[in-house]
Amino acid sequence: MLEVNQDYLKLRGSYLFSEIGKRVNAYAKANPDKKIIRLGIGDVTKPLPPVVIDALHKAVDEMASEETFRGYAPDLGYEFLRNAISDVDYKRLGCDIAPDEIFVSDGAKCDCGNIQEIFSKDAKIAVCDPVYPVYVDTNVMAGRAGVFDEAKGMWDNIIYMPCTKDNNFAPELPSEVPDVIYLCFPNNPTGSTITKDMLQVWVDYANKNGSVILYDAAYEAYISESDVPHSIYECEGARECAIELKSFSKNAGFTGLRLGYTVIPKSLVRGGTMLHSLWARRHGTKYNGAPYIVQRAGEAVYSAEGQKQIKETVGYYMNNAKVILSGLKDAGFEVSGGVNAPYIWLKTPDKMTSWDFFDHLLNNANVVGTPGVGFGASGEGYFRLTAFGKYDATLEAIERIRRM
Ligand code: MLT
């Protein structure tokens with residue numbers, strides 16, 4: 001008889017944001033009169049920038065005529081988009097990333113979930129704790145995580161790098177050397193960042209030990225401080241050890257449109273093999289490319305007007321972050337993040353567990369957030385709020401929390 005993939009059966013409950021969705025829907029059904037404010041999942045609320053809408057309309061019209069119609073996209077992305085990414089996201093920072101080292105996809109979530117396929121099944125991975133759950137869950141699915149220790153809330157074959165108040169929510173170099181290190185800065189969920197000098201230490205460590213860093217830079221557009229790097233390739237030697245993942249979701253509002261990219265420099269070689277070749281083979285076999293119209297929309301983000309428009313949107317969300325940060329501080333909460341990231345990380349009051357605080361907030365303020373423990377054991381006793389809400393709703397949410 002067919003046996004299903006046993007590794008899938010090891011997964012814990014549902015995906016974090018599906019679980020939250022279920023609980024909130026149940027509450028909404030039981031309390032139809034309540035006006036719920038959702039500051040849980042980091043989904044954007046501002047519409048797409050006008051340059052993107054124009055580019056979409058134009059590309060749709062092209063699809064209507066025989067002369068300009070496009071079928072399958074090139075496996076790795078259209079050159080017009082890869083050139084724009086290389087110029088604006090990398091050359092402008094002084095980073096040497098060529099267009100053919102960029103793989104366009106339908107979003108960073110899929111890429112950061114799929115990328116582990118190019119590593120051996122016994123590759124040892126290290127993650128920050130707390131962490132974006134996709135990194136861990138996809139390694140569980142791949143059979144790399146080992147056995148879940150209920151008491152510790154951890155997988156026994158994963159190296160966890162605790163990010164706590166004591167280390168300013170920045171991971172320390174692990175004593176056991178991992179093969180693959182997942183880093184995300186600005187960080188989801190804590191909103192913390194590290195400086196370029198601190199990131200250089202990780203790059204040197206990876207090069208010394210032969211590890212590969214998977215650098216998730218989905219929130220790069222939110223960096224406001226000058227010593228925080230916008231790309232891992234600003235560090236010397238990163239071309240030899242790092243893969244970078246980027247998204248159009250958080251900077252340009254593509255959460256529903258879907259577009260992202262992954263950079264694998266050709267000089268990143270392990271065991272005599274270019275990782276670039278493996279990912280190109282995987283991409284070509286399993287993927288037919290992001291839609292033409294969406295790649296044209298992505299290209300528009302890199303025009304001068306596009307850059308201006310996304311800056312305004314990021315500014316809007318960062319204003320929400322300020323409202324949340326200062327409002328919660330005034331109300332006596334211990335808060336961090338929200339300066340270089342759209343996430344605010346707060347300590348739950350009165351030693352409440354993360355899920356107890358989730359229920360408390362939902363029941364008493366009708367505000368939804370994300371329990372810190374959903375991101376890992378070190379997130380217990382913490383809670384995440386997103387700045388991606390609408391301004392008025394964010395103001396009201398903070399007012400309600402203050403009144404609780
Ligand atoms: C989050 O809320 O952590 C993110 O929005 C989820 C995602 O980007 O997939």
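**The ligand shell, a helix pair and unusual backbone geometry**

Q: What makes a residue count as one of those around the ligand, and which residues are they?
A: The residues around the ligand are Phe 17, Ile 41, Gly 42, Lys 109, Tyr 132, Asn 188, Tyr 219, Lys 250, Tyr 343 and Arg 384, a residue being counted when one of its heavy atoms lies within 4 Å of the molecule. This is a predicted model, in which local features need pLDDT of at least 70 and side-chain atom pairs count only at pLDDT 80 or more, while totals for chains, interfaces and linings use all residues. Residues are numbered from 1 along each chain as its sequence is written, and side-chain values use heavy atoms, with hydrogens and water left out.

Q: What makes the approach of Gly 42 to the ligand a polar contact?
A: A backbone N or O atom of Gly 42 lies 2.6 Å from a ligand oxygen atom, and a polar contact is a pair of N or O atoms within 3.5 Å, so the pair qualifies. Polar side-chain atoms also lie 2.6 Å from a ligand oxygen in the case of Tyr 132 and 2.7 Å from one in the case of Arg 384.

Q: Why are H11 and H13 called roughly parallel or roughly antiparallel?
A: The axes of helix H11 (residues 304–330) and helix H13 (residues 391–403), which come within 10 Å, cross at roughly 10°. Angles under 35 degrees count as roughly parallel and those over 145 as roughly antiparallel, with 65 to 115 being roughly perpendicular and the rest oblique; H11 is therefore roughly parallel to H13.

Q: What makes the backbone at Pro 130, Pro 186 and Phe 169 noteworthy?
A: Most residues other than glycine have a negative phi, and most peptide bonds are trans. The bond from Asp 129 to Pro 130 is cis, with omega near 10°, and Pro 130 is found in the loop between strand S3 (125–129) and helix H6 (133–141). The bond from Phe 185 to Pro 186 is likewise cis, with omega near -15°, whereas Phe 169, although not a glycine, has a positive phi of about 60°.

Note on methods:
Axes are lines fitted to C-alpha atoms, for helices over the stretch in contact, and angles run from 0 to 180 degrees between N-to-C directions. Helices (H or I, at least four residues) and strands (E, at least two) are DSSP runs, numbered from the N terminus. A polar contact is a pair of N or O atoms within 3.5 Å; within protein, one must be able to donate a hydrogen and the other to accept it, and residues adjacent in sequence count only if both atoms are side-chain atoms.
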